[in-house]
Amino acid sequence: MIALVDGDSFYVSCERAFDPRLEGLPVGVLSNNDGCVVARSRELKALGVAMGAPLHQLPPAIRRQSVLLSSNYALYGDVSRRVNQVLAEFSPVVELYSIDESFVHFSGFEPGALEAHCQRLRETVQRWTGIPAGVGLAPTRVLAKLANRLTKRELGYEGVCLLEADSDVTCQVLEQLPVSDLWGVARRTAERLQLMGIETAWQLRQADPKWIRGSFSVVLERVVWELRGHSTIELEDLSMPRQRILVSRSFGKLSSELADLQAATRQHATRAAEKLRRQGSLARAVLVFVRTNPHRSRDAQYANSHVVALPEPCDDTPSILAAVHQALTAIFLEGHRYQKCGVMLLDLMDAERSQLSLLDDPTDEKRRDRSRRLMATLDHLNREMGRDTVRFGLPHKDNAWELRCQRRTQRYTTCWKELVTAKTQ
């Protein structure tokens, strides 16, 4: 059996865990730069606020009675880590699927006691972290995803739903579920299936797997087997190194200043280099891109990118910063109001498999060793003392590229200056 554990309105629940005054209020969390609603409490949903609704389009009456907060990803990420630590107390195999969802394996557990076990899991997660969660139990990931969905829509399950592959309840649910709502079925695939007369999840389950594979893909064939109770889908191994690393972000406000783009790309490159070292890789090239806001038709539009090959594969922040500066200089044009820029590290390789060049001399290896020790020290200080304790260059105040997060709450668990304080009278 596999369980999908999903935090209920996770971002909102994180905020409420540290500010109980938000309980019962319509609460929403906004996207980067406070643009759109990306998380909603049940009370906010009841007011008719749709997922992704732009903040500026919300009626004044709704804005007055709602609490709308900036995204606090440092808090959400740390709470997610704590939730998964609790899940590990109940099973030796926990697969992180997203910041608010994890698959928990229960192979070898007594089937008759699983629902009670998952109820204890759910209660412990809420007691230890403050996060309410739903648990969907099933023999496959696709059915577990569906079972978890039922915990949110059917109060009778009390947060835990078990779907057996061939039970009457499962058959009824699949007969009523549009194929477009299935996990693993893309929108265009669903449209093609509907044109072929397969409109429900039950009809997909009954389809010939070989025909599905030939007409669509092996992935959709696996979905058919999963609906029948055979576990065939494996999550990607999250510990596998990525083939490229991208760090980018929209600006808090448009800017035509080169200094703003230099500061932004410097910040992005620093973050990318940290991720590169964390996964034990080296980069062979750097790509930098810039763009204006395509939705502002009255502004002059411009978008461009440039790739710079590194002299040698490296994870050294100063070397990457030099390549980023060279790339930005090549594509920056005056007279444009830029809205976004980003840095991508390309052609990654395993650091342990790097080879020395025949043209190297002893001083090259000494230089590399000095760089490795410097980067290791820098990463250690920033881990122990807080991000950006040591950095390359100091940002100016009120940078245009910095995110708007005027409504962000405290980073209660990751920043010493923002810890929760308690007062007594």
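**Exercise 1. Glu 418**

Find where Glu 418 sits in this predicted model, and decide whether Glu 418 is buried or exposed.

*Solution.* Start with the position along the chain: Glu 418 belongs to the segment after α14, the helix that covers 362-385. Next, look at the accessibility, which is 14% in relative terms for Glu 418. The cut-off for buried is under 20%, so Glu 418 counts as buried. Finally, list the neighbours, leaving aside residues up to four places away in sequence: Glu 418 touches Arg 408, Thr 409, Gln 410, Arg 411 and Tyr 412.

**Exercise 2. Two helices that pack**

Work out how α1 and α4 are oriented to one another, and which residues meet where they pack.

*Solution.* A packed pair of helices is described by two quantities, the angle between the axes and the distance between them. Here, α1 spans residues 10-18 and α4 spans residues 73-87. Their axes are 10 Å apart and form an angle of about 90°. Angles of 65 to 115 degrees count as roughly perpendicular, and therefore α1 is roughly perpendicular to α4.

Now turn to the residues in contact. From α1 come Phe 10, Tyr 11, Cys 14, Glu 15 and Phe 18. On the α4 side they meet Tyr 73, Leu 75, Tyr 76, Val 79 and Ser 80. Sorted by class, this contact holds 8 nonpolar residues, 1 polar and 1 charged.

**Exercise 3. Cysteines**

Determine how many disulfides the model has, then check the surroundings of Cys 161 and the burial of Cys 161 and Cys 415.

*Solution.* Recall that a disulfide covalently joins the sulfur atoms of two cysteines. With a cut-off of 2.5 Å between sulfurs, the count is 0 disulfides. Take Cys 161 as a case: the nearest cysteine sulfur belongs to Cys 118 and lies 11 Å away, and Cys 161 is in no disulfide.

For burial, read off the relative accessibility. Cys 161 has 0%, so Cys 161 counts as buried. Cys 415 has a relative accessible area of 17%, and is therefore buried too.

**Exercise 4. The chain as a whole**

Describe the chain by its secondary structure, its extent, its burial and its contacts.

*Solution.* Begin with the elements: the chain has 14 helices and 13 strands. Along the principal axes, the C-alpha trace spans about 70 × 65 × 50 Å. Of the 425 residues, 44% are buried. The exposed area is about 23700 Å², with 50% of it supplied by carbon and sulfur atoms. Last come the contacts with a separation of 6 or more: 66% of them link residues 24 or more positions apart.

Technical notes: Residues are numbered from 1 along each chain as its sequence is written. This is a predicted model: local features need pLDDT of at least 70, side-chain atom pairs count only at pLDDT 80 or more; totals for chains, interfaces and linings use all residues. Side-chain values use heavy atoms; hydrogens and water are left out. Axes are lines fitted to C-alpha atoms, for helices over the stretch in contact, and angles run from 0 to 180 degrees between N-to-C directions. Helices (H or I, at least four residues) and strands (E, at least two) are DSSP runs, numbered from the N terminus. Angles under 35 degrees count as roughly parallel, over 145 as roughly antiparallel, 65 to 115 as roughly perpendicular and the rest as oblique. Contact means heavy atoms within 4.5 Å. Ala, Val, Leu, Ile, Met, Phe, Trp, Tyr, Cys and Pro count as nonpolar, Asp, Glu, Lys and Arg as charged, and the others, Gly among them, as polar. Buried means under 20% relative accessible area, exposed over 50%, partly exposed in between (1.4 Å probe, protein chains only). Accessible areas come from the Shrake-Rupley method with a 1.4 Å probe; for residues, only the protein chains shown count as cover.
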